[in-house]
Amino acid sequence: MIEIAPEVSAARAVVALESTIVAHGMPYPRNLETARAVEAAVREAGAVPAPIAVIEGRLRVGLDAASLERLARGGAGVAKLSRADLAWALAAGRDGATTVAATMIAAERAGIRVFATGGIGGVHRGVAETWDVSADLEELARTPVIVVSAGAKAILDLPKTLEVLETKGVPVIGFGTDEFPAFWSRSSGLRAPLRLDRPEDVARLWAMQRALGLSAGILVANPIPPSHEIPREEIEPAIAAALEKARGTEGKRVTPALLEAVLEATGGRSLEANIALVLNNARLAAEIAVALAARGEGAVTSGRSSPDS
Ligand code: PSU
Ligand code: MN
């Protein structure tokens with residue numbers, strides 16, 4: 001059911017990569033270029049990249065160039081998959097891009113401990129009306145994978161997102177910062193619940209979580225490089241415009257619609273920021289994967305399958 005690329009199976013320092021950001025998060029061809037650059041960044045830092053997606057009903061961990069291209073050209077034929085519909089895509093023989101939640105599930109089943117993305121989904125603004133809370137939060141609560149992100153997008157309700165993560169027992173780490181980063185901006189005005197400064201510290205935390213038998217993941221919030229950040233005061237009006245424009249959008253389309261609208265409102269600057277932060281996260285995730293491998297806690301992918309927790 002899971003097809004793991006031989007190079008991934010053989011490696012101990014492995015970084016899982018999601019595919020929703022490729023198929024639904026960025027326009028073609030920048031999405032494809034970025035996906036390739038992210039893989040290169042992981043390799044440069046001494047780890048093996050494992051992009052994850054569903055191709056013709058097969059859950060693939062490690063993708064060939066043709067599959068990546070197919071996802072990047074995507075369009076309506078590529079489903080956006082989370083916990084609720086991952087099995088459906090396999091059963092129906094569909095193509096699908098995996099969100100943070102679905103990528104975590106696949107990574108855990110494949111024995112991979114670290115995963116790099118841009119930003120996680122969270123509690124949406126206006127949640128009292130819509131009840132829109134990303135399944136990414138629940139997944140972080142139940143699936144032991146280290147997720148390296150640039151925090152959560154400021155299109156979300158960040159205080160409520162942090163509250164939910166705390167309630168569900170997810171360690172949220174400001175990496176090298178006391179503040180919880182807000183994706184395009186380094187600053188959110190909110191404190192990061194915990195702080196660590198070195199990849200080895202994250203590896204040690206991972207080992208402690210496991211030793212205690214805690215099944216939650218770990219969210220590492222890595223601020224965007226200063227060179228590419230869009231300060232909060234500048235991104236806020238674009239977010240306001242995007243929320244207005246995306247009004248009426250429902251379900252899975254909400255996050256992609258908001259991202260597209262922010263891209264438009266910033267004249268493409270948000271895309272450059274997005275690319276820079278994803279590369280930055282890929283590098284850090286690779287360093288964490290290397291640190292885990294050095295502790296003997298690296299990926300163990302061969303012949304592994306585990307029940308749902
Ligand atoms: N952040 C981005 N681009 C994206 C996403 C996050 O910069 O495309 C995707 C991730 O795959 C995340 C998903 O898991 O959006 C969350 O979607 P939802 O809010 O529908 O759970
Ligand atoms: Mn949602």
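**Note on the predicted model: strands, core, ligand site and local backbone features**

1. Helix H6. In this predicted model, the buried residues of H6 are Val100, Ala101, Ala102, Thr103, Met104, Ile105, Ala106, Ala107, Glu108, Arg109 and Ala110. The helix spans residues 100-110 and is mostly covered, with 11 of its 11 residues buried. Charged side chains are thus listed alongside nonpolar ones, Glu108 and Arg109 being among the buried residues. Directly after H6, Gly111 adopts a positive phi of about 85 degrees.

2. Strand E5 and its crossover. Strand E5 covers residues 78-81; Val78 and Lys80 point one way from the strand, Ala79 and Leu81 point the other way, and all are buried. In a regular strand, side chains alternate between the two faces of the sheet. E5 pairs with strand E6, residues 95-98, in the parallel sense through 4 bridges. Within that pairing, Asp95 of E6 is the bridge partner of Val78. Together with helix H5 (residues 86-92), E5 and E6 form a right-handed β-α-β unit.

3. Strand E8 and its two partners. Strand E8 (residues 146-149) has Ile146 and Val148 pointing one way and Val147 and Ser149 pointing the other way, and all are buried. Strand E7, residues 114-116, runs parallel to E8 and is joined to it by 3 bridges. Here Val114 has Ile146 of E8 as its bridge partner. E8 is also parallel to strand E11 (residues 218-221), with 4 bridges between the two. In that pairing, Val148 is matched with Val220 of E11.

4. Nonpolar core. Which residues have the most contacts inside the largest nonpolar core? They are Ile146 and Trp184, in a core of 108 residues. Helix H13, residues 269-294, provides the largest share of this core, namely 14 residues. Ile146 also belongs to the E8 set described above, where it points the same way as Val148.

5. Ligand site. Ligand 1 is surrounded by 16 residues, and the closest are Glu18, Lys80, Ser134, Asp136 and Lys153. Three of the polar distances deserve to be listed individually. In the side chain of Lys80, an N or O atom is 2.7 Å from an oxygen atom of ligand 1. Asp136 places a polar side-chain atom 2.7 Å from an oxygen atom of the ligand. For Lys153, the 2.7 Å separation is between an N or O atom of the side chain and a nitrogen atom of ligand 1. Lys80 is also a buried residue of strand E5, where it points the same way as Val78.

6. Val133. This residue sits in the loop between helix H7 (127-130) and helix H8 (135-142). Is Val133 buried or partly exposed? Val133 counts as partly exposed because its relative accessibility is 38%, and the range for that class lies between 20% and 50%. Residues up to four places away in sequence aside, Val133 touches Gly122, Val123 and Val127. Its C-alpha atom is 8.5 Å from that of Thr161, although the two residues are 28 apart in sequence.

7. Leu196. Strand E10, residues 194-196, contains Leu196. With neighbours within four places in sequence left aside, Leu196 contacts Ile173, Gly174, Phe175, Gly176, Asp201, Val202 and Leu205. One of these, Gly176, is 20 residues from Leu196 along the chain, and the two C-alpha atoms are separated by 6.0 Å.

8. Positive phi at residues other than glycine. Glu56 is not a glycine, yet has a positive phi of about 45 degrees. Glu56 lies in the loop between strand E3 (48-55) and strand E4 (58-61). Glu56 is classed as exposed because its relative accessible area is 54%, the cut-off being over 50%. Phe183, likewise not a glycine, has a positive phi of about 65 degrees. Phe183 occupies the loop between strand E9 (172-175) and E10. Why does Phe183 count as buried? The reason is its relative accessibility of 2%, where buried means under 20%.

9. Cis peptide. Tyr28 and Pro29 are joined by a cis peptide bond, with omega at about 5 degrees. Pro29 falls in the loop between helix H2 (20-23) and helix H3 (30-44).

Key
Residues numbered from 1 in each chain as written. Chains lettered and ligands numbered in written order. Predicted model: local features only at pLDDT ≥ 70, side-chain atom pairs only at ≥ 80, totals over all residues. Heavy atoms only, no water. Buried < 20%, exposed > 50% of the residue type's maximum accessible area, 1.4 Å probe, protein only. Pairing = 2+ DSSP bridges. Right-handed = clockwise from strand over helix to strand, strands pointing away. Contact = heavy atoms within 4.5 Å. Core = buried A, V, L, I, M, F, W, Y, C linked by side-chain atoms within 4.5 Å. Near = heavy atom within 4 Å. Polar contact = N/O pair within 3.5 Å; in protein donor to acceptor, adjacent residues only side chain to side chain.
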